[in-house]
Amino acid sequence: MTKNIPKRRGQKPSGSPTVSDTVRLQKFLAEAGLCSRRGGSALVEEGRVTVDGVVATTGGQRIEPGRSKILVDGRPIKLPQRKRPPAYYVLNKPRGYVTTLSDPEGRKTIADLLHGIRERVVPVGRLDRDSEGLLLLTNDGDLVYRLTHPKFEIEKEYQITVNGVPSENDLIQMREGVEIDGKVTRKATVRVIEERGPVTVLSIVLKEGRKRQARRMCEAVGLDVRRLMRVREGKITLGDMKLGGYRVLKKNEVATLRKETGLDKAPR
């Protein structure tokens, strides 16, 4: 006769998942190549994600890859069978394109410029339709998260052409912070690059990425923006890239981004 062996206090039943068997839902969505972790949280907040038939309420919910049934907009989501090395690209976005891979309004998107890219990649942050310049693209969800979250303070540099000549007071206001949507922007580096007759070219370096921030900072002090171009993110620069063209990031550039964001010390 087999004796019933009492379970030790705190012992989990056989087959129960442990924390090491699970991942956060937002990370799962990022590793599936749908979005960044931040984007995964947004999908959850919009009520578009279900876990085992129940609408998810937080991106931090832990799920079991391979066992939990995850749907986004009713479509099953699974991790790739074989995890391929992450892909990293930089695009010189022209004006007139929206920073998304599809658009229900039928507008031109950056996907129209990415012919030849086989991997599913997502844009790192945004450039509005009227802006141009450097846009990173990757399927490395951890890097997307760190490049876009303001707590990591990754610099983004913009060259902005405005009508007229800004006063010194205009420049000081933008450096110290202006109010946008009821919240004052962080301190920024703002300087005049060149005065070209009726227009002035400014350099603005930000460590946060609020929506259309560089443009709205200029507008907040009464400057009329004629052209806005992002020329640098972290230590990655636009250089002499052809407008509308893209290229693969070099290994040393990827290593630099990982170092800047602290991922070189994080476990893979």
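These are my notebook entries on a predicted model of one protein chain.

**Entry 1: confidence**

I began with how far the model can be trusted. The mean pLDDT of the chain is 87. I noted that 90% of its residues reach 70 or more. Then I looked for a weak stretch. Over residues 5-20, pLDDT stays under 50. For that stretch the model has eight contacts beyond four places in sequence. I took no local detail from residues 5-20, where pLDDT is under 50.

**Entry 2: the chain as a whole**

Next I looked up the overall make-up. The chain holds six helices and 17 strands. It has 268 residues, and buried ones make up 43% of them. I also checked how the contacts are spread along the sequence. Of the contacts with a separation of 6 or more, 65% are between residues 24 or more positions apart.

**Entry 3: the largest pocket**

I turned to open spaces. What is the volume of the largest pocket? I found about 1500 Å³. Its lining takes in 42 residues. Nearest its centre lie Gly-39, Thr-99, Pro-123, Gly-125 and Arg-126.

I then asked which elements give two or more residues to this lining. They are the helices α2 (37-45), α3 (141-148) and α5 (213-220), along with the strands β8, β10 (156-163) and β15 (225-233). The largest share comes from α2, with four residues. By class, I noted 16 nonpolar, ten polar and 16 charged residues in the lining of the largest pocket.

**Entry 4: closed spaces**

I looked for cavities as well. The count is two of 30 Å³ or more.

The largest cavity has a volume of about 40 Å³. I read off its lining: Leu-147, Thr-148, His-149, Pro-150, Ile-154, Lys-156, Lys-207, Glu-208 and Gly-209. These divide into three nonpolar, three polar and three charged residues.

The second largest cavity holds about 30 Å³ of space. Its lining consists of Ala-30, Gly-33, Cys-35, Ser-36, Val-122, Thr-138, Asn-139, Asp-140, Gly-141 and Val-144. Here I noted four nonpolar, five polar and one charged.

**Entry 5: Ser-131**

I picked out Ser-131, in the loop between β8 (122-123) and β9 (132-138). Is Ser-131 buried or exposed? Its relative accessible area is 1%. The limit for buried is under 20%, so Ser-131 counts as buried.

I followed its side chain next. One polar contact, of 2.9 Å, joins it to the side chain of Asp-128. Another polar contact, also listed at 2.9 Å, goes to the side chain of Arg-215. I then set aside neighbours within four places in sequence. That left Ser-131 in contact with Lys-93, Pro-94, Arg-95, Arg-215 and Leu-228.

**Entry 6: two positive phi angles**

I checked the backbone for unusual angles. Most residues other than glycine have a negative phi. Two residues made me stop.

Asp-181 has a positive phi of about 55°, although it is not a glycine. I found Asp-181 in the loop between β11 (179-180) and β12 (183-184). Why does Asp-181 count as exposed? Its relative accessibility is 67%, and the exposed class begins over 50%.

Arg-212 is not a glycine either, and its phi is positive at about 50°. Its place is in the loop between β14 (199-206) and α5. The relative accessibility of Arg-212 is 35%. That value lies between the limits of 20% and 50%, so I entered Arg-212 as partly exposed.

**Entry 7: Pro-76**

My last stop was Pro-76. In which strand is Pro-76 found? It is in β6, residues 75-76. At 54% relative accessibility, Pro-76 counts as exposed, because the limit is over 50%.

I looked up what Pro-76 touches. Not counting residues up to four places away in sequence, I found Ile-70 and Leu-71. I also checked the spacing to Val-49, which is 27 residues apart from Pro-76 along the chain. The C-alpha atoms of Pro-76 and Val-49 are separated by 9.9 Å.

Definitions and conventions: Residues numbered from 1 in each chain as written. Predicted model: local features only at pLDDT ≥ 70, side-chain atom pairs only at ≥ 80, totals over all residues. Heavy atoms only, no water. pLDDT = per-residue confidence, 0-100. Contact = heavy atoms within 4.5 Å. Buried < 20%, exposed > 50% of the residue type's maximum accessible area, 1.4 Å probe, protein only. Polar contact = N/O pair within 3.5 Å; in protein donor to acceptor, adjacent residues only side chain to side chain. 1 Å grid on protein atoms, 1.4 Å probe; cavity = no way out; pocket = protein on both sides within 12 Å on 5 of 7 lines; lining within 4 Å. Points joined across faces, edges and corners; volume = space filled by probe spheres on them. Nonpolar A, V, L, I, M, F, W, Y, C, P; charged D, E, K, R; others polar.
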